[in-house]
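Grab a pencil and work through these exercises with the model open beside you. Each task comes with a solution that goes step by step.

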Amino acid sequence: MQIRLWDNNLKVRLIGEGMFNMLFWMYFPFITVYFSYELGNSIAGILMTVPPIFSAIGSLLGGGLTDQFGRRPVMLLGALLQAVMFILFAVSPSPWIDYIAFIGIGFGGAIYRPASSAMVADLIPAENLREVFATFATANNIGAVLGPALGAIFFFQYRQELLWTCAVVLILYFITIYFIVHETAAQTREKNSKISSVFKEQWKGYGIIFRDKVFLIYILAGIFALIPIMQLDLYLPIYIINHVPAQQIFAWENGSFLLSSTDIFGWLVGFNGLLFVLFILPVTKWFRRWKERDVFILSSLLAGFGTFFVGLNSNIWYLFFVTIIFTFGEIVRSPVTQSFISRYAPEHARGQYMGADSLQNTIGKFLAPFMVFLSSWVPPIGVFSIILLFSFVSIILYIHLFKKYEEKPVQHEM
C-alpha cells in the first residue's frame, strides 16, 4: 500500500515518530552502560528490571483508555508525559533522578503505543497491515543507523543538550497531534465517566483477555523470543565494551582506522539499524505468503543463534556477520507480531488487546536485564547459552500456539 494513499493521521505519525526515534537511538543504547558506570553492573542489572514493570502498567492503562476515550487523547497524554520526563532528565543533578525520569519516559511511551497501533489497525485493511507496520518500523529505525554512532559522542559529552532536544521534539509532536490528527475509533464511550468506573471496566475487560488461553500462549512465546533480541541494548554493550579489544577496521600504507570497544559497539548498533531500514520492507514482501507460525519460528532461530555466535569470536568483521543473523531474526518478526494481534483482536476491544500484547515486550524487558546481572558471576559463553535456551523455549511455545489457533488465510493484493 503506497504512502500517498495513506490517511493523513498515518502520514503525520510516520514523520513525527521517525524524528523522535532519530534522537531515541542517540541515548537508549547507552542507558545500561551509563547506569553501570554510575552504580555498578550488579545494581544496574537489577535496576533495569524495574522500568518494564511500569511500562507493563502503562501499556494496560493505555490500552484500556484507548477503548474508553479514543486513540487521539491517549496519544496526546503519552507524548506529553514523555516530554515532561525528558525535561526532568535534562535538569537532573543525580543518577537516581535520571533513573526516575527514564522510568517515566518508558511509562509515557507505553501509554502511547497501544493507541498508536490501534489507530493503524482502524485505518488499514488486514491484507495491508504487515506492509504498513513494516513502513513504520523502517521510519523508526532510520535513526538507528546514525543514532548510536552519534550517541557515543553526544550522550556522554552533551547529554543535557540531547535530552532537551528530545523534549522539544516531543512538545512539537504533541502540538501536531492536537491540531492535525483526528479520532479513528468507531465509537468512544462517554467521556464523563468516573475514574473509578473506568478502571473497574478496564480490569473486567483484561480479565476476559487473560482467560484467553491462545492469547496467553502467544504472550508467553513472545516474551521468550524477545529476550535474545533485547540483548543488543543490554548485555551486548557490556560484553563488547569489556571483552572485545580495540582493533583496526581498515588499514593502508601509512596508517589505519582504529576503533575502540565503545566505537565497535556503536558501529554494530548502527549496522543493525541500517539493515533494518534497508531490508524490512523487502523482507516483509518476501515472507508475505509465509504462515505466521513459520515466521515466528524462523525469527527465534535467527535471533537466538545470532546472539549466541557473538560470544564465539571478537573479530570485528565476524561481529558484523553475526549482527546480520540476529538482525534478520528481528526484521522478519517485527511486522508479523502487530498484524497477528490486529487481526486476532475483536474490534470493540482492540485497544485493550494492543495494550495486553505489549506485555510481551515489557515483561521481556523485565527479564532480559538479568543477563547483565548474571554476567557478574557467569562467564560470557554461559550467558550466551542461556540466551539461546530462551529462543528454543519460544519455538516450542509457538508450535503449541498454532496447534490451538488455526491461522486464517489473508487475501493478498497481486
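**Exercise 1: two helices that cross**

Helix 10 passes helix 14 in a left-handed crossing (the near helix is turned anticlockwise from the far one by less than a right angle; clockwise would be right-handed). This is a predicted model, where local features need pLDDT of at least 70, side-chain atom pairs count only at pLDDT 80 or more, and totals for chains, interfaces and linings use all residues. Residues are numbered from 1 along each chain as its sequence is written, and side-chain values use heavy atoms, with hydrogens and water left out.

Task: work out how helix 10 and helix 14 are oriented, and which residues make the contact.

Step 1. Find helix 10 at residues 213-230 and helix 14 at residues 316-344; their axes come within 13 Å and cross at roughly 160°.

Step 2. So helix 10 is roughly antiparallel to helix 14 (the label for angles over 145 degrees).

Step 3. Now look for contacts (heavy atoms within 4.5 Å). Helix 10 brings Val214, Phe215, Tyr218, Gly222, Ala225, Leu226 and Ile229, while helix 14 brings Glu330, Arg333, Thr337, Phe340, Ile341 and Tyr344.

**Exercise 2: the whole chain**

Task: describe the protein chain by its helices, strands and buried residues.

Step 1. Count the elements: the protein chain has 18 helices and 2 strands (DSSP runs, with H or I over at least four residues for helices and E over at least two for strands, numbered from the N terminus).

Step 2. Of the 414 residues, 56% count as buried (under 20% relative accessible area, with a 1.4 Å probe and protein chains only).

Definitions and conventions: Axes fitted to C-alpha atoms, helices over the stretch in contact; angles between N-to-C directions. Parallel < 35°, antiparallel > 145°, perpendicular 65-115°, else oblique. Buried < 20%, exposed > 50% of the residue type's maximum accessible area, 1.4 Å probe, protein only.
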